[in-house]
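Trainee: I'm new to this one. Could you take me through a single part of it slowly, and then show me a few other spots to look at?

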Amino acid sequence: MTKNTSSEETKSSNSEPNTIERFKSEAGPVGFIGAIIGVLILLGTSLYFYLDIQKQKKNATAQNEIFQAQYYYEKDSIDAGLLGDGRNLGFIDIIDIYSGTEVANLAHFYAGASYLKKREYQSAIDYLKKFSTSEEIVMARAEKLLGDAYMELGNFTDASKSYMKAAETVDDQFFSPTYLMKAALAFEKASDMKAAISAIDQILNKYEDAAEYNDARKHKARLDALAGN
């Protein structure tokens, strides 16, 4: 008799819907799906904020690490800035250890500029191409350095593109004319006289008060003569 009662209780227990099935039944298909989406959004938001906090902490630590490397760079101690001095990290280590932070991004700029000073032009290009910032003057400077590296390698087409990007990024009379003059030279070396003249014309038409204006006029006359204009 006891055995039958236990069997009936087990059967009754197995036939009862579990919590999820009961909620699904009460909420309906639409409500159930909506609840799942809500939970996923909550989990995703929590994870995002957690990772953001961790990234900020990591970036703050990296900021303390990069000061000495920047000091070495300014003092032209290029190898110490790049590779560290045994106690302090260099730009390369900062990029590896603090990947994904703003400081690691900045370290790409310094590493590229350092390799350019060392005349290791392909390495300079590799690092500078990975740098990006919303600061227009700094971004334009990075494009200018890229152009310099390409010029040294004889890649005049890419050099002209980088110089033009630099001029367009900053777009003012203090920086753009210099970059446009460099672009004109790169275009000339690439045998694209039309583009070279166009770069010079931008100086003459947009930056009349620039220090490079008179040199641009002379350069334009020379290019016109070479182009047979």
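Mentor: Here is a close look at one helix, followed by a short tour of other places.

Keep in mind that this is a predicted model. Start with helix H5, which covers residues 102-117. Does its length make sense? What span should its 16 residues have, at 1.5 Å a residue? They should span 22 Å, and the end C-alpha atoms sit 23 Å apart, so the two agree.

Now for its surroundings: H5 is mostly covered, with 12 of its 16 residues buried. Toward the start of the list you'll find Val103 and Ala104. Then comes a run from Ala107 through His108, Phe109, Tyr110, Ala111, Gly112, Ala113, Ser114 and Tyr115 to Leu116, every one of them buried. Just past the helix, have a look at Arg119, which takes a positive phi of about 65°.

For a contrast, go to the loop between helix H8 (156-170) and helix H9 (176-189), where Phe174 lies. Phe174 has a relative accessible area of 62%, and exposed means over 50%, so Phe174 counts as exposed. Together with Ile137, Val138 and Phe175, Phe174 makes a nonpolar surface patch of about 370 Å².

Last stop: Lys220, in helix H11 (residues 213-227). Its side chain makes a polar contact with the side chain of Asp201, at 2.9 Å. Leaving aside residues up to four places away in sequence, Lys220 touches Ile197, Ile200 and Leu204 as well as Asp201.

Note on methods: Residues numbered from 1 in each chain as written. Predicted model: local features only at pLDDT ≥ 70, side-chain atom pairs only at ≥ 80, totals over all residues. Heavy atoms only, no water. Helix = DSSP H or I, 4+ residues; strand = E, 2+ residues; numbered from the N terminus. Expected span 1.5 Å × (residues − 1). Buried < 20%, exposed > 50% of the residue type's maximum accessible area, 1.4 Å probe, protein only. Patch = residues over 30% accessible without salt bridge, like charges linked within 9 Å, V, L, I, M, F, W, Y side chains within 5 Å. Areas by Shrake-Rupley, 256 points an atom, 1.4 Å probe, with all protein chains shown as cover. Salt bridge = Lys/Arg side-chain N within 4 Å of Asp/Glu carboxyl O. Polar contact = N/O pair within 3.5 Å; in protein donor to acceptor, adjacent residues only side chain to side chain. Contact = heavy atoms within 4.5 Å.
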